[in-house]
Amino acid sequence: MRGAAALALAAVMLVGCGLMPSALPQWVANRKPLPPCGEETVVRGDTDVEARQCLYDAYRAGTDAELISTEAITEGRRITRYMRVHENGTIEMFTDATGDPLGSGTWERETCGQLLGAEEVRDVWIEEVFIILDCEDQPIP
């Protein structure tokens, strides 16, 4: 019994220190499923252009889609964003910043007002495909 308690305590400490990924909160784990555009891992700004184009195309077509993007900021610092577009034009992001000890260290939820293509914005790397603007924090369910 002591071994199990020690293991559980060690896991809690590792999650809290950002050394082990945190479990998804229920509001993320039970989110409405949307057609996936894939998952990307961004290292040094290199994005998955095809996956990002999928999300941008869905937004422009007025269809549902989701892209999961994990950014490796530096060794030991990671942020994962669940970028979601809905057929009604809603743009939302769920951000897991629990792996970023220098950031908020929490889950965040936002709705955004604009998703602009790279061709609409100056000074944006074409690999970005789009940028999301006018985001507002929303309460965590």
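Reader: Let's start inside a strand: is T70 buried or exposed?
Author: This is a predicted model, where local features need pLDDT of at least 70, side-chain atom pairs count only at pLDDT 80 or more, and totals for chains, interfaces and linings use all residues. Residues are numbered from 1 along each chain as its sequence is written, and side-chain values use heavy atoms, leaving out hydrogens and water. T70 sits in strand β2; buried means under 20% relative accessible area, exposed over 50% and partly exposed in between, with a 1.4 Å probe and protein chains only. At a relative accessible area of 13%, T70 is therefore buried.

Reader: Leaving aside neighbours within four places in sequence, which residues is T70 in contact with?
Author: Contact here means heavy atoms within 4.5 Å. With neighbours within four places set aside, the list for T70 is E40, T41, V42, R78, I79 and T80.

Reader: And which side chain does R84 join in a polar contact?
Author: R84 is in strand β3, and it is buried, with a relative accessible area of 2%. Beyond four places in sequence, R84 touches R31, K32, L34, A65, E66, T90, I91, E92 and F94. A polar contact is a pair of N or O atoms within 3.5 Å; within protein, one must be able to donate a hydrogen and the other to accept it, and residues adjacent in sequence count only if both atoms are side-chain atoms. For R84 the contact spans 2.7 Å, and the partner side chain belongs to E66.

Reader: What about D100, buried or exposed?
Author: D100 is found in the loop between β4 (91-96) and β5 (107-117). The D100 side chain makes a polar contact of 2.6 Å with the side chain of R77. Because its relative accessible area is just 5%, D100 is buried.

Reader: How far apart are the C-alpha atoms of G76 and D100?
Author: G76 lies in the loop between β2 and β3, and it is exposed, with a relative accessible area of 51%. Outside four places in sequence, G76 is in contact with G99 and P101. G76 and D100 are 24 residues apart along the chain, yet their C-alpha atoms are separated by 7.6 Å.

Reader: Which strand gives the most to the lining of the largest pocket?
Author: On a 1 Å grid over the protein atoms alone, a pocket is an open set of points where a 1.4 Å probe fits, with protein on both sides within 12 Å along at least five of seven lines; lining residues have an atom within 4 Å of a point. The largest one has a volume of about 330 Å³, and of its 17 lining residues, R52, S69, E71, R81 and E128 are closest to the centre. β1 (36-43), β2 (65-74), β3 (77-85) and β6 (130-137) each supply at least two lining residues. With four residues, the top contributor is β2.

Reader: Which element has the lowest mean pLDDT?
Author: pLDDT is the predictor's confidence in each residue, from 0 to 100, and the chain averages 83. Helices (H or I, at least four residues) and strands (E, at least two) are DSSP runs numbered from the N terminus. Where pLDDT is low, the predicted coordinates should not be read in detail. That caution suits residues 1-19, where pLDDT stays under 50; β4 has the highest mean, 97, and the lowest, 41, belongs to helix α1 (residues 2-16).

Technical notes: Points joined across faces, edges and corners; volume = space filled by probe spheres on them.
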